[in-house]
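Welcome! Let's look at how a few labels for a protein model are earned, one question at a time.

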Amino acid sequence: MTTTIGIDVGGTFTDVVVATTGRDPIIAKAATTAQDQSDGVLEGITLAAERLGLSTADLLRRTARIVHGTTAATNALLEGKAARVGMLTTAGHRDVIEMREGLKPDRYNLRMTPPVPLVPRRLRLPVTERIRADGSVEIPLDPASLAAAIDRLRDADIQALAICFLHAWRNPEHEQQAAAEARRRLPGIYVTASSDVLPQIKEFERFSTTVANAAVGPVIHNYLGRLQSRLREAGHDGELLVILSHGGVASVAEATRLAAGTALSGPAGGVAAAVALARDGLAPDIIGFDMGGTSTDIAVVRNGAPTLAGTKSLAGATIALPSLDIVTLGAGGGSIGQLDRSGLLGVGPESAGASPGPACYGQGGTAATVTDANLVLGYLDPANFLGGRRTLDRDAATAALDRLATDLGIDTEAAAAGIHRLVNARMADGVRVATVRRGVDPRRYTLLAFGGAAGLHITAVAAELGISRVAVPLTASVLSAWGMLNTDLRIELSRSQGQTASIETARTDTASTNTASTNTPRTDTARMHASSIGGSHTAETDTTSIDTTSTIATSIDTTSTIATSIDIASLKAALTAMEAEGRARLAWFDGTVTLRPSADMRYGEQVFEIPVALDDIDWTAADLATTLADRFHAAHHRLYTYALPDQEVVLVNARLSVIGHLPSVEAAVAPPVSAHAAPKTRRTIYLGGATSVPVFDFAALPANQTIAGPAIVESDTTTVLLRPGDTARFDPRGWLVVAIDAPPTPS
């Protein structure tokens, strides 16, 4: 039997799932320890071991793989606790990260304060060197200039160094030389180079991402190193993998090298879970709704696949690594309800966190939070929180809400109901941002609720959005940790085309043949944005190598209005080089490896690119250039509802995902065999007035049992509130499906 452990560190709780082949998963929750997250991780593993009747050492010795999601990088940036970073850059370009792209994030906000760069100007030092856009050396790297800059940064007591030279994506030679010299002269300092982090054109994105990588690199290095050591001391000698922002996993060494890739490490597990449940038959189109103690993360899964974003902003830092498209709100169980400047009730984004936590935790918190409101409204059982390991203090919650109610001039229950409604409205707006603003109609999707607090709010959020179907897994409170056990090793490689490769379009009255250039890009090594773990085995593959032996010349029928050409040989060479690197990095892996090529493309007059999948392409076809153009036009139309087939198409970056497939785990426990489960008790709750409702044991529900709202369905770690008009059915695969009393979805 194989045992794997998934660990998700959230703002309030650390969730642990232990999955063993042939057995039901075991779950545990421990308080997150902000000062050192590894304390909460070890506590969670110990609690899981106790539920299995094992010692911590016995459980860890049996565990082949641990997959971990961490908020260490996120917290470092949000809380201003990143490393002290120095920067070496081409003379004359040290202000790139401050000038940004010349635009404000909110360009019409005249009072907006400019983001503060992660590196102050006095620590951004110029170096005499210059690489041209074609990769040729204009000015050789000056050793004296480099040494002087490194010495100045050493005297400034930096903790990390970012090396960002112009056009290093095309020729990394100078950056590599500078990095080697910096490591020699600055032992113990975290050194990172832009050609290693993001070997792509666009200097601001490349520079900013590299600086962010340097800022969180020491944080990730120290935390993961400490965690790995503590796990080994406790008995674990298997693999420790870290989930990255794009949803794949990597080794500790790779996560440390590409530390900025962990910025969305925690939320990525929830998206992985949504993808796995889509594969298991829940629905092809899902909106993941992960409401925890501090925040709510929302992501869209379309046709069983997640949506990726090329660039994310976190605490003013632009990170242009591939990442899942996740909308995060400061709305969770610990979000504080308080009067705003105008005297009106507001909820969040300030949170009580894990310490002191909501007032009802009895840890010294006095502010009224969403959890306190849910307790006062009767939605939570104070004696069954975390399976009875913690008793909630209803009197403390009531006292906190009494103070708020007095300020508002209303009664306590009305104040609690106001907090509940306001946080629901905020989260519904978050779903609209993730869907409607991206051209997605949420009413056509299934809303998947997970995280410890989601079940109490999901039906109201769905009703406000007009969504008619909600799903709540039995393991909802730890679904992100479970999702991490359903991820794969993933290497993301990219290579900008050496010369802008375009598919020229022109009006023509006669037949024409446009011969593609035979120039190929330099063979500088493309670096991965997410990697794998090391080893020595040979990988199997179910794909074939990409043929690069020919350049395509495409002749267009005279009846067509468009003639196309593209440097096919250059594209193929880039994909082949990335394939070789990806296979080398997965050489240890003896499982199945698949390749997913794609390209970043745009119209000639656009200033942004969109990803275009290149799966299932016949790379030997004579009309390959036309196929690429057609795929781009179709992708553009899906995103923006229009395409411009008469316009020039530009291929900016070639990309390749190299995926090593790992075993997945079962979603949930098998439901007990029973004709019907009666309510275990009744409870008075507040739904616009006091109402007595039945309370069902989530874990005791048999397959296909239906429950009509109003009612409560609760387990040790999850509570679901069914409102009047809602009808729930327990699916045999382990999730509650709720039909919402909402307007019908348009046809």
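The questions below deal with a predicted model and ask what stands behind each label.

Q: How many disulfides does the count come to?
A: The count comes to zero disulfides. To be counted, a pair of cysteine sulfur atoms has to lie within 2.5 Å.

Q: What makes C164 count as buried or exposed?
A: Its relative accessibility is 0%. Buried means under 20%, so C164 counts as buried.

Q: Why is C360 called buried?
A: C360 has a relative accessible area of 0%, and because the cut-off is under 20%, the label fits.

Q: How many aromatic pairs are there, and what makes F13 and Y361 a tilted one?
A: The count comes to five aromatic pairs. F13 and Y361 are 6.4 Å apart, centre to centre, and the limit is within 6.5 Å, so they pair. Their planes stand at 55°; stacked needs under 30 degrees and edge-to-face over 60, so this pair is tilted.

Q: What does the pair of F13 and Y361 tie together?
A: F13 lies in strand β2, while Y361 sits in the loop between β22 and α11, so the pair ties together parts that are 348 residues apart in sequence.

Q: How do you know whether F13 and Y361 are buried or exposed?
A: F13 has a relative accessible area of 14% and Y361 has 9% relative accessibility. Buried means under 20%, so both F13 and Y361 are buried.

Q: Why is the pair of Y603 and F632 called edge-to-face?
A: The angle between their planes is 75°. Edge-to-face means over 60 degrees, so the name fits.

Conventions:
Residues are numbered from 1 along each chain as its sequence is written. This is a predicted model: local features need pLDDT of at least 70, side-chain atom pairs count only at pLDDT 80 or more; totals for chains, interfaces and linings use all residues. Side-chain values use heavy atoms; hydrogens and water are left out. Buried means under 20% relative accessible area, exposed over 50%, partly exposed in between (1.4 Å probe, protein chains only). Rings of Phe, Tyr and Trp (its six-membered ring) pair if their centres lie within 6.5 Å; planes under 30 degrees apart count as stacked, over 60 as edge-to-face and the rest as tilted. Helices (H or I, at least four residues) and strands (E, at least two) are DSSP runs, numbered from the N terminus.
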